[in-house]
Amino acid sequence: MVYLYFCWHSEIAREFSKRNREIVIILLKAISKSLGLEESYVEKAANFELGLQLLAANYYPACPEPEKAIGIPSHYDHGLLTILVNNGVSGLQVKHKEKWFNVNIHPNALFVQVADHLEVHFVMLLELHFYL
């Protein structure tokens, strides 16, 4: 599975990062609005403009013996959001209630996952917001 694959050319990486950041800002505004908060609430509370944007690329070519494929071990995604791109080779799984499920990402689509920082930080903020 390819989460993100492109030539390691700095201009391409810069453009991808810029557009990815624009998508994340739109998503954060939608998350804020869906929670009944001011549109820029999550973006401001997370100090998004001061934050770090991490670009990680993993290329997984099709494996003739998929049962022997290792991939990336089980892990948590830190940060606010994780955005994945698929190259048509499946392999992404998510764990829910101690059971692993395959995730099929549609071609030409982005898979957006709420990462740990957003989940933990904003659960606390929302609890404070609703108690005040």
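**Group meeting: the cores and the hairpin of a predicted chain**

Of the 132 residues in the chain, 26% are buried, and I should say at the outset that what you have in front of you is a predicted model. The chain holds three helices and four strands, and if you read along the sequence you will find them in the pattern α-α-β-β-β-β-α. The accessible surface comes to about 9,900 Å², with 59% of that belonging to carbon and sulfur atoms. Among contacts between residues at least 6 apart in sequence, 72% join residues that are at least 24 apart.

Before going further, a word on confidence. The mean pLDDT of the chain is 78, with 83% of the residues reaching 70 or more; helix α1 has the highest confidence, at a mean of 88, while helix α3, residues 116-131, has the lowest, at 67. Over residues 1-6 the pLDDT stays under 50, although the model has 33 contacts beyond four places in sequence for that stretch.

Let me turn to the interior. The largest nonpolar core has 10 residues, namely V24, I25, L28, V42, A46, F48, L80, L81, I83 and L118. Two elements, α1 (10-34) and β1 (81-85), give two or more residues each to this core, and the largest share, three residues, comes from α1. Apart from this core lies another, of five residues, including L92, V103, I105 and F111. As general background, nonpolar side chains in soluble globular proteins tend to be buried together.

Which residues does L81 contact, once we leave aside its neighbours within four places in sequence? The partners are V24, L27, L28, I31, V112, Q113, V114, A115 and L118.

Next to consider is T82, which has its place in strand β1. Is T82 buried or exposed? With a relative accessibility of 15%, T82 counts as buried, because the cut-off for that class is under 20%. The side chain of T82 makes a polar contact, at 3.3 Å, with the side chain of D77, and D77 also appears among the contacts of T82 outside its neighbours within four places in sequence, together with F111, V112, Q113 and A115.

Finally, the hairpin. Strand β2, residues 93-96, and strand β3, residues 99-102, pair in the antiparallel sense over four bridges, and H96 stands opposite K99 in β3. Two residues lie between the strands of this hairpin, in which K97 takes a positive phi near 50°.

How values were computed:
Residues are numbered from 1 along each chain as its sequence is written. This is a predicted model: local features need pLDDT of at least 70, side-chain atom pairs count only at pLDDT 80 or more; totals for chains, interfaces and linings use all residues. Side-chain values use heavy atoms; hydrogens and water are left out. A nonpolar core is a set of buried Ala, Val, Leu, Ile, Met, Phe, Trp, Tyr and Cys residues joined through side-chain atoms within 4.5 Å. Buried means under 20% relative accessible area, exposed over 50%, partly exposed in between (1.4 Å probe, protein chains only). Contact means heavy atoms within 4.5 Å. A polar contact is a pair of N or O atoms within 3.5 Å; within protein, one must be able to donate a hydrogen and the other to accept it, and residues adjacent in sequence count only if both atoms are side-chain atoms. Two strands pair if DSSP finds at least two bridges between them. pLDDT is the predictor's confidence in each residue, from 0 to 100. Accessible areas come from the Shrake-Rupley method with a 1.4 Å probe; for residues, only the protein chains shown count as cover.
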